[in-house]
Amino acid sequence: MPHRSSTFSLRPRRVFLFLTAVVCVLVVFGVLAQYSKLVLGHGRLLGFVPQFYLDAESNVPTYFSSLILLAASLLAGVIARGVHDRGASFCWHWRGLALIFAGLSLDEAISIHESLIDPVRQTLNVGGVFYQAWVIPGLLLVVAFLVAYLRFFWHLPARWKKLFALAGGLYVGGAIGMEMIGGWHWSTYGEQAFGPSLIATAEEALEMGGVVVFIFALLEYLRVHGPT
């Protein structure tokens, strides 16, 4: 029998619009859940609040974030395979991106970074913007990543430079930047205030937005440069 190959297509723009719509819905639901809990005093609403509360773990936004991070990891891995097969440069950088996003996906699912908060806070005796003390090793890792990937970034085509920079800026701005702002608010006003909770919502929205932009960039890269 002749070999039959099945095919399917992913249109980067449609994927981007779909994921963006999901992020918007999750953010709206998250704000409603926070308002219900912190302003109206309704902490469950038949399970709606815990399932969509953006400043909580093991719920719908957490699993969505973990899945899109895993999707980014898989796409980077596909690109790495194509780069390797062509004998092109920066194969290990693409593999590194796949591993990094796989690690971020795992961390999103089980919150590894939060286990660093108390030990780092107690060791360095920090508060204020460093109240969520994991951001200190987080910043060091960001600097190490920038140094390791500077040459890789420099050799990207101009369009992907902009997309990767936008994705990274959104993600790091949310994960670390908003976490530092939120840390200052939490240490000043307490963790149950509605304002700091909205900061946490902005943090999650920026993180998810950054990953969505990165997925779009990877799909576009595959469309132009990658294997069929």
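# A tour of an eight-helix chain

The protein chain exposes about 12,900 Å², of which carbon and sulfur atoms supply 67%. The coordinates are a predicted model. Show the whole chain as a cartoon to begin: eight helices and zero strands are present. Along its principal axes the C-alpha trace spans about 65 × 40 × 30 Å. Of the 228 residues, 39% count as buried. Taking contacts between residues at least 6 apart in sequence, 68% join residues at least 24 apart.

**Stop 1: helix H1**

Select residues 12-40, which make up helix H1. The 29 residues of H1 reach 41 Å from the first C-alpha to the last, close to the 42 Å expected at 1.5 Å a residue. Colour H1 by accessibility and look for its buried positions, among them Leu-19, Val-23, Leu-26, Val-27 and Gly-30. Pro-12, Ala-33, Gln-34 and Ser-36 are also buried in H1.

Now select Val-25, Val-28, Phe-29 and Leu-32 and turn on the surface. These side chains form a nonpolar patch with about 320 Å² of accessible area together. Is Leu-32 buried or exposed, or something in between? Leu-32 is partly exposed, because its relative accessible area is 47% and the partly exposed class runs between 20% and 50%. Step off the end of H1 to Gly-41, where phi is positive at about 80°.

**Stop 2: helix H4 and the loop after it**

Select residues 91-110, helix H4. H4 has 20 residues and reaches 29 Å from its first C-alpha to its last, close to the 28 Å expected at 1.5 Å a residue. Its buried residues include Cys-91, Trp-94, Gly-96, Leu-97, Ala-98 and Phe-101. Ser-105, Asp-107 and Glu-108 are buried in H4 as well.

Move on to Ser-111, in the loop between H4 and helix H5 (117-124). Ser-111 follows H4 and has a positive phi, near 55°. Ser-111 is buried, with a relative accessible area of 14%. Which residues does Ser-111 contact, leaving aside its neighbours within four places in sequence? Show Glu-57 and Leu-106 as sticks: these are the contacts.

**Stop 3: the aromatic rings**

Select the Phe, Tyr and Trp side chains; the structure holds 13 aromatic pairs. Start with Trp-94 and Phe-152, an edge-to-face pair at 5.1 Å centre to centre with 85° between the planes. Trp-94 lies in H4 and Phe-152 in helix H6 (residues 135-154), so the pair ties together parts that are 58 residues apart in sequence. Both Trp-94 and Phe-152 are buried.

Keep Phe-152 selected and add Tyr-149. These two rings also form an edge-to-face pair, at 5.4 Å centre to centre and 85° between the planes. Tyr-149 and Phe-152 both belong to H6 and sit three residues apart, about one turn of the helix. The relative accessible area is 10% for Tyr-149, which is buried, and 5% for Phe-152, also buried.

Widen the selection to Phe-90, Trp-94, Phe-101, Phe-145, Tyr-149, Phe-152, Trp-160, Phe-164, Phe-214 and Tyr-221. Ring pairs link these residues into a cluster.

**Stop 4: the salt bridges**

The structure holds four salt bridges. Begin in H5 with Asp-118 and Arg-121, whose closest N and O atoms are 3.7 Å apart. The two residues are three apart in H5, separated by about one helical turn. Asp-118 counts as partly exposed, at 44% relative accessibility.

Next select Arg-159 and Glu-220, whose side chains meet in a salt bridge at 2.5 Å, N to O. Arg-159 lies in helix H7 and Glu-220 in helix H8 (residues 194-225), so the pair ties together parts that are 61 residues apart in sequence. Arg-159 is partly exposed at 38% relative accessibility, whereas Glu-220 is buried at 6%.

Add Arg-223, which meets Glu-220 in a salt bridge at 3.0 Å, N to O. Arg-223 and Glu-220 are both in H8, three residues apart, about one turn of the helix. Arg-223 is exposed, with a relative accessible area of 54%. Arg-159, Glu-220 and Arg-223 are thus linked in a network of salt bridges.

**Stop 5: Gly-177**

Finish in H7 (residues 158-189) at Gly-177. Gly-177 counts as partly exposed at 27% relative accessibility. Draw a distance from its C-alpha to that of Ser-65: the two residues are 112 apart in sequence and 18 Å apart in space.

Technical notes
Residues numbered from 1 in each chain as written. Predicted model: local features only at pLDDT ≥ 70, side-chain atom pairs only at ≥ 80, totals over all residues. Heavy atoms only, no water. Patch = residues over 30% accessible without salt bridge, like charges linked within 9 Å, V, L, I, M, F, W, Y side chains within 5 Å. Areas by Shrake-Rupley, 256 points an atom, 1.4 Å probe, with all protein chains shown as cover. Helix = DSSP H or I, 4+ residues; strand = E, 2+ residues; numbered from the N terminus. Buried < 20%, exposed > 50% of the residue type's maximum accessible area, 1.4 Å probe, protein only. Expected span 1.5 Å × (residues − 1). Contact = heavy atoms within 4.5 Å. Phe/Tyr/Trp six-rings, centres within 6.5 Å; stacked < 30°, edge-to-face > 60°.
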